Amino acid sequence: MTRKPSRLDRAAERIMDLDSPAYGDERERSVFMESNAFGLTIGLYAGLVGAFIAAVFGLFLLPVTLLVLTTMLPSLAALWYAKRRGVNPQKLAENAGARSTMLGIVVFGVGMVVTFAAMGYTVFAGQPLISPPQFDVTPGEGFLGGMAQGAVIGGMIGGAGAIIGGVHGYRKANRVRPAQA
């Protein structure tokens, strides 16, 4: 990188923390980065499917939000990150061959077209392709209410457990590191 790192560059470096021992050796780091790319790809497809489903039920803001947050934002962030480090992702895609690049373009292109087509139907017909089911769920009442309460409490406990586990792992790693030096 020939230019002076901006605040955004420094923030990206801090977020990535690439010198962390959490990445392991070169092979482990490579597999970890591959697994992150795989997870991102699954997230992209899930966001596309979620946007389509929301559009079929006649929603407008949710599909657009899902498309932006799950496809455009991660893609633009990855392009920016690579470009700032002197890597041209477009050139890499061209080197990958027409088949693998074209498959991704076709899948996301078709997904976006059918999502906006479903939204277009709602706009021009004045009704959704499929009417959403009407659920009357009041938390605390009935089976679904109890499930909703359990899901919310379980999510909070799981999030708190992740935070506690992360802090514990960080402290444990920092206690071991000075002893090794």
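Start by selecting T122, and show every residue in contact with T122 apart from its neighbours within four places in sequence: these are A55, G58, F60, Q127, P128 and L129. The model is predicted. T122 itself is found in helix α5. Is T122 buried or exposed? The relative accessible area is 9%, which falls under the 20% limit, so T122 counts as buried.

Next, zoom out to the whole chain. Colour by secondary structure: six helices appear and zero strands. Read from the N terminus on, the order of elements is α-α-α-α-α-α. Of the 181 residues, 14% count as buried. Switch to a surface display, where the accessible surface comes to about 13600 Å², with 68% of that area belonging to carbon and sulfur atoms. As for contacts with a separation of 6 or more, 61% of them involve residues 24 or more positions apart.

Stay with helix α5 and select F108 together with Y45. How are the two rings arranged? Y45 and F108 form a stacked aromatic pair, with 5.1 Å from centre to centre and 15° between the planes. The angle lies under 30 degrees, so the pair is classed as stacked. Y45 belongs to helix α2 (residues 26-56) and F108 to helix α5 (residues 98-125), so this pair ties together parts that are 63 residues apart in sequence. The count of aromatic pairs in the model comes to one. Check Y45 on the surface as well: with a relative accessible area of 32%, Y45 is partly exposed.

Keep the surface on and select V49, F52, I53, M102, I105, V106, V110, V113 and V114. Together these residues make a nonpolar surface patch of about 770 Å². Which elements give two or more residues to the patch? They are α2 and α5. The largest share, six residues, comes from α5. Pick out I53 within the patch: I53 sits in helix α2 and is partly exposed, at a relative accessible area of 44%.

Now move to the charged residues. How many salt bridges does the structure hold? There are two.

For one of them, select D9 and R84, whose side chains meet in a salt bridge at 2.1 Å, N to O. D9 lies in helix α1 (residues 7-16) and R84 in helix α3 (residues 61-84), so the bridge ties together parts that are 75 residues apart in sequence. Hide the surface to see this pair, as D9 and R84 are both buried.

For the other, select E13 and R85, which form a salt bridge with the closest N and O atoms 3.9 Å apart. E13 is in helix α1 and R85 is in the loop between α3 and α4 (89-96), so the two residues tie together parts that are 72 residues apart in sequence. Are these partners buried or partly exposed? E13 counts as partly exposed at 39% relative accessibility. R85 is also partly exposed, with a relative accessible area of 26%.

Leave R85 selected and add Y81. Where does the charged end of R85 sit? The charged end is placed over the ring of Y81, 3.9 Å from the ring centre. R85 thus appears at two stops of this tour: in the salt bridge with E13 and over the ring of Y81.

To finish, show helix α5 once more with three selections on display. T122 lies in this helix, F108 in α5 pairs with Y45 in α2, and six residues of the nonpolar patch come from α5.

Key
Residues numbered from 1 in each chain as written. Predicted model: local features only at pLDDT ≥ 70, side-chain atom pairs only at ≥ 80, totals over all residues. Heavy atoms only, no water. Phe/Tyr/Trp six-rings, centres within 6.5 Å; stacked < 30°, edge-to-face > 60°. Helix = DSSP H or I, 4+ residues; strand = E, 2+ residues; numbered from the N terminus. Buried < 20%, exposed > 50% of the residue type's maximum accessible area, 1.4 Å probe, protein only. Lys NZ or Arg CZ within 6 Å of the ring centre and 35° of its normal. Patch = residues over 30% accessible without salt bridge, like charges linked within 9 Å, V, L, I, M, F, W, Y side chains within 5 Å. Areas by Shrake-Rupley, 256 points an atom, 1.4 Å probe, with all protein chains shown as cover. Salt bridge = Lys/Arg side-chain N within 4 Å of Asp/Glu carboxyl O. Contact = heavy atoms within 4.5 Å.
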